[in-house]
Amino acid sequence: MTVGDTSSGAGEEPGADSSVHATPHHEVDHTVEPTDDPLAIRLEALILGADRRYTPFQAARTAGVSMDLASRFWRAMGFADIGQAKALTEADVLALRRLAGLVEAGLLSEPMAIQVARSTGQTTARLAEWQIDSFLEGLTEPPEPGMTRTEVTYPLVELLLPELQEFLVYVWRRQLAAATGRVVQAADDEEMVDRRLAVGFADLVGFTRLTRRLEEEELGELVESFETTAADLVAAHGGRLIKTLGDEVLFAADDAGTAAEIALRLIEAMSQDETMPALRVGIAFGTVTTRMGDVFGTTVNLASRLTSIAPKDAVLVDGAFAKELVRHGDAPESEAQAAEAVAAAAERARLAEKEGREPDDEPPLPTYRFGLQPMWQRPVRGLGVVEPWLLARRGKSGS
């Protein structure tokens, strides 16, 4: 679906649609009024694959949908209203017809189609901004004195566009396959929306002070390094990066053991980088509502609160998360109990050796990956009193 896929368009008189000129305050404007700049128009035609031909009213009428629905699709994707400028293409008409056709066929409800447009628009808007700011910006520096950036941009985009498009479709299909796999493995229909997950926040300590001390370029490099490291570690160890917020990342995992491993590796990786400030992580386990790739609910709020009270370079988890680790054998119920089991096994072995016999054939002692140390109970704003647990690897502090 192209950037201009869903125009604002038809079913009413061109001058009668007051709705097309009143963008809701919560929508984000990702575009500007249609430009008359010749190079910009050539680039737009190259990227969209068609020339400007329709006003929003004409595009909606050609697609066979109401102007009200067309304008809602357009806004949902994050585009500003353009009045009745002739700025839309055949690609816009086709995409609008397809999306409306899914509604007419009963495959999507109208609200769901709006959500599809909104989620796609928000995701691709960020991707496009990043590619222009970080990728094309550097590549379009004039290679020779006297050449203007405009002379370089068009042929470069012409070469990159098909490759970037193919890669985008490939990654989307891969992600869709992974997400579909999680859905079909859900125990029931409710679990597809309200699922039990481990949710974690990782937060750079003292980031606000850093913003006053570092130059903009240095700050940008630090944030990019943090986000890249976090994204790589989360993905490599089986979690899902939900979103990045500059100095903070939100991730989720299907089980507590995976989330614990990710959290500790994040702490370890950041502590080895002298350019990075300290990191703190908070994780909670429980029911989470998923919408448009994001997560919501009390569990998410609790994870955020735990992060805010976590010590530097440490991981705090809630009681439900601690119980999950114990239930799956990733952590002992208590360090004292684990120590007693080890001591008892050592004593039995000593007695067997003293008596000149082979030790009894006993099952091996469990090997725990993590240790949990209970912290003082404390009130957490909006969530009452909670008892956080300090998470650590076995054999390290806190275990």
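## A pair of rings on helix α6

Let's start with Phe167 and Tyr170, which both sit in helix α6 (residues 149-184). They are three residues apart, or about one turn of the helix. This is a predicted model, and in it the two rings form a tilted aromatic pair, with 6.0 Å from centre to centre and 40° between the planes.

How open to the outside are these two? Phe167 has a relative accessible area of 52%, and because the cut-off for exposed is over 50%, Phe167 counts as exposed. Tyr170 comes in at 47% relative accessibility, so Tyr170 is called partly exposed.

## The other aromatic pair, and a charge over a ring

Searching the whole structure turns up two aromatic pairs. Besides the one on α6, there is Trp74 with Phe79, a tilted pair with 4.8 Å between centres and 35° between planes. Both Trp74 and Phe79 are buried.

Tyr154 has company of another kind: Arg42 lies over the face of its ring, 4.1 Å from the ring centre.

## Stepping back to the whole protein

Time for the wide view. The protein is built with 13 helices and ten strands. It has 399 residues, and 38% of them count as buried. About 22,800 Å² is exposed, with carbon and sulfur atoms supplying 53% of that area.

How much do distant parts of the sequence contribute to the contacts? Taking contacts with a separation of 6 or more, 72% come from residues 24 or more positions apart. For a feel of how sequence and space compare, take Leu127 and Leu168: they are 41 residues apart in sequence, yet their C-alpha atoms are 9.9 Å apart in space. Leu127 belongs to helix α5 (residues 110-139), and its 32% relative accessibility makes it partly exposed.

## What fills the inside

In soluble globular proteins, nonpolar side chains tend to be buried together. Here, the largest nonpolar core has 39 residues. Those with the most contacts inside this core are Leu279, Val281, Ile283, Val315, Phe321, Leu325 and Leu391. Helix α10 (residues 256-271) gives the largest share, nine residues. A second, separate core has 22 residues, including Ala70, Met77, Ala87 and Leu99.

Leu325 is a good place to zoom in. Which residues does Leu325 contact once its neighbours within four places in sequence are set aside? The list runs Ala256, Gly257, Ala260, Asp330, Ala331, Phe370, Leu372 and Leu391.

Helix α1 (residues 38-48) has buried residues too: Leu39, Leu43, Ala45, Leu46 and Leu48. Right after α1 comes Gly49, with a positive phi of about 80°.

## Thr307 and the loop after its helix

Thr307 is found in helix α11 (residues 298-309). Is Thr307 buried or exposed? With a relative accessibility of 2%, Thr307 counts as buried. Its side chain gets to the backbone oxygen of Phe201, at 3.4 Å. Leaving out residues up to four places away in sequence, Thr307 touches Phe201, Asp203, Arg280, Val281 and Gly282. Val281 also appears among the residues with the most contacts inside the largest core.

Follow the chain on and you get to Asp313, in the loop between α11 and β6 (314-317). Most residues other than glycine have a negative phi. Asp313 goes the other way: it is not a glycine, but its phi is positive, near 55°. Asp313 counts as partly exposed, because its relative accessibility is 38%.

## A buried aspartate on strand β5

Last stop: Asp294, in strand β5 (residues 294-296). Its relative accessibility is 17%, and because the cut-off for buried is under 20%, Asp294 counts as buried.

What does the side chain of Asp294 make a polar contact with? The partner is the side chain of Lys243, at 3.0 Å. Lys243 also turns up among the residues that Asp294 touches, along with Ile242, Leu250 and Thr289, when residues up to four places away in sequence are not counted. And Phe251, 43 residues from Asp294 in sequence, is 9.9 Å from it in space, C-alpha to C-alpha.

How values were computed: Residues numbered from 1 in each chain as written. Predicted model: local features only at pLDDT ≥ 70, side-chain atom pairs only at ≥ 80, totals over all residues. Heavy atoms only, no water. Core = buried A, V, L, I, M, F, W, Y, C linked by side-chain atoms within 4.5 Å. Buried < 20%, exposed > 50% of the residue type's maximum accessible area, 1.4 Å probe, protein only. Helix = DSSP H or I, 4+ residues; strand = E, 2+ residues; numbered from the N terminus. Contact = heavy atoms within 4.5 Å. Phe/Tyr/Trp six-rings, centres within 6.5 Å; stacked < 30°, edge-to-face > 60°. Lys NZ or Arg CZ within 6 Å of the ring centre and 35° of its normal. Polar contact = N/O pair within 3.5 Å; in protein donor to acceptor, adjacent residues only side chain to side chain. Areas by Shrake-Rupley, 256 points an atom, 1.4 Å probe, with all protein chains shown as cover.
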